Amino acid sequence: MKPLFIAKLIKPSTRAFFTEQASKDCRLSSRVHGYIYARWPYLYIGIGTGRHPLASILKSLWKIIVHGPGAKPRRSTSQAKINFAQEYHGKALPLNEARKLVKVSKSINLGDLEQVIPYTKARDLVLKNPDHIVALECPCRATSPDPCLPLDVCLIIGEPFASFIAEHHPRKSRRISQAEATAILEQEHDRGHVHHAFFKEAMLGRFYAICNCCSCCCGAIQAHQKGVPMLASSGFTARVQGDECVACRECVRSCQFRAISLTGHGPVVNTELCMGCGVCTAKCVNQCLSLVRNTGKCPPLELTRLIEGQKNRSCSVTIDNQIQRP
């Protein structure tokens, strides 16, 4: 009787989350990690950014929970940063590609995007019930002492994530339509904020959200600037075009990655720092900047191309199998 009683106390979305974790054979620490992250995101981010008053005390406990009591110490500070980024990272998206992700009409399964998501872990793009979208109050903004507004700009997409967030955070989240999600993306773009598709090993090793990030609040951007390589380029770079710059400095002010400077000859883009988000191109009144493909960086997350590529591979496998039949 007791197990049945306890099972009834568990929310349906929690059961769905645990069931999918079990189907993927996730290790126990990853299951606990994923549950804590989704159940208490404000505490999690507050500890990670150091903004929570108990951050220094709780970090030690957190390492035991995530990595287990018998985990070996990290080899070095730089290695620890790399290991963290492998498990939790974002991919910069220009506005048009972010729009496509919130407009998907059918479930898709794009596994192991090795080149597009250049990390060893958490690089699957799986969308179950993609029209199930929840707008969540951004944990980074909510824990910031002087947050950018509005707060409800984190888009949790697909199942089991959307239902889990909606059920556990009813006061800080709301279910929205795909049209409303598109509007949030466009409004955030107009505010000069960067779209990131986030992937996390503890969130079933795959994509689960689009965050709209600003360097003043976003823990991920701040960590990236401190040497944690947790943000991947969109695959594009801003390029200066034409000579009509009026030195308004909008591109410099709007760049969340400090990748643009202004000289007497106009704007200069640091291609190493540029993440190819496209914010500067929208802010330039004279269209002196554009996004161009940078082959030296990982390929873009272009949803249409990836889906077509998957279809072509599936077709090739079918044809090959037919040829090999006696």
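**Group meeting: a walk through the sheet, a helix face and the cavities**

Okay, let's start with the sheet. Seven strands make up an open sheet, and the order across is β6-β4-β5-β8-β7-β1-β9, with mixed pairing. At the edges you'll find β6 (173-176) and β9 (231-232); each has a single partner strand, so one side of each is left without a neighbour in the sheet. Before I go on, please keep in mind that this is a predicted model.

Now look at β8, which covers residues 206-213. How many of its eight residues are buried? Eight of the eight, so to speak a mostly covered strand. On one side there's β5 (residues 152-157), which pairs with β8 in the antiparallel sense over two bridges. There, Ile-156 has Ala-209 of β8 as its bridge partner. Then there's β7 (residues 194-200), also antiparallel to β8, over seven bridges. And which β8 residue is the bridge partner of Phe-198? That's Ala-209 again. So if you want to find your way around on screen, click on Ala-209: it is the bridge partner of Ile-156 and of Phe-198.

β7 and β8 also form a hairpin, and five residues sit between the two strands. Have a look at Leu-204 in that turn, as its phi is positive, about 60°.

Moving along the sheet, β7 is joined to β1 by six bridges, and that pair runs antiparallel. Tyr-88 is a handy marker here, standing opposite Lys-200 in β7.

Right, the residue I'd like you to zoom in on is His-89, which belongs to β1 (residues 88-93). Is His-89 buried or exposed? It counts as buried, because its relative accessibility is 0%, and the cut-off for buried is under 20%. What does the His-89 side chain reach at 3.4 Å? The backbone oxygen of Gln-86. There's another backbone oxygen to look at, the one of Ala-122, which lies 2.8 Å from a polar atom of the His-89 side chain.

On to the helices. Helix α7 spans residues 95-102, and its buried residues are Leu-95, Glu-97, Ala-98, Leu-101 and Val-102. Looking down the α7 axis, those buried residues fall within an arc of 165°, so they line one face of the helix. That goes with the usual geometry: an α-helix has 3.6 residues a turn, so residues three or four places apart point the same way.

A quick stop at helix α6, residues 77-87, where we find Ala-80. Ala-80 has a relative accessible area of 22%, so it comes out as partly exposed. Ala-80 and Val-228 are 148 residues apart in sequence, yet their C-alpha atoms are 8.8 Å apart in space.

Last topic, cavities. Searching the whole structure turns up four of 30 Å³ or more. The largest has a volume of about 100 Å³. Which of its 14 lining residues lie nearest the centre? Those are Cys-245, Val-246, Cys-248, Cys-251 and Cys-284. By class, that lining has eleven nonpolar, one polar and two charged residues.

The second largest cavity holds about 80 Å³ of space. It has 13 lining residues, and Cys-255, Cys-274, Cys-277, Gly-278 and Cys-280 lie nearest its centre. Here the lining has eleven nonpolar and two polar residues, with no charged ones.

That's my tour, thanks for listening.

Terms used: Residues are numbered from 1 along each chain as its sequence is written. This is a predicted model: local features need pLDDT of at least 70, side-chain atom pairs count only at pLDDT 80 or more; totals for chains, interfaces and linings use all residues. Side-chain values use heavy atoms; hydrogens and water are left out. Helices (H or I, at least four residues) and strands (E, at least two) are DSSP runs, numbered from the N terminus. Buried means under 20% relative accessible area, exposed over 50%, partly exposed in between (1.4 Å probe, protein chains only). On a 1 Å grid over the protein atoms alone, a cavity is a set of points where a 1.4 Å probe fits but cannot get out, and a pocket is an open set with protein on both sides within 12 Å along at least five of seven lines; lining residues have an atom within 4 Å of a point. Grid points are joined across faces, edges and corners, and a volume is the space filled by probe spheres set on the points. Ala, Val, Leu, Ile, Met, Phe, Trp, Tyr, Cys and Pro count as nonpolar, Asp, Glu, Lys and Arg as charged, and the others, Gly among them, as polar. The arc is that of the directions from the helix axis to the C-beta atoms. Two strands pair if DSSP finds at least two bridges between them. A polar contact is a pair of N or O atoms within 3.5 Å; within protein, one must be able to donate a hydrogen and the other to accept it, and residues adjacent in sequence count only if both atoms are side-chain atoms.
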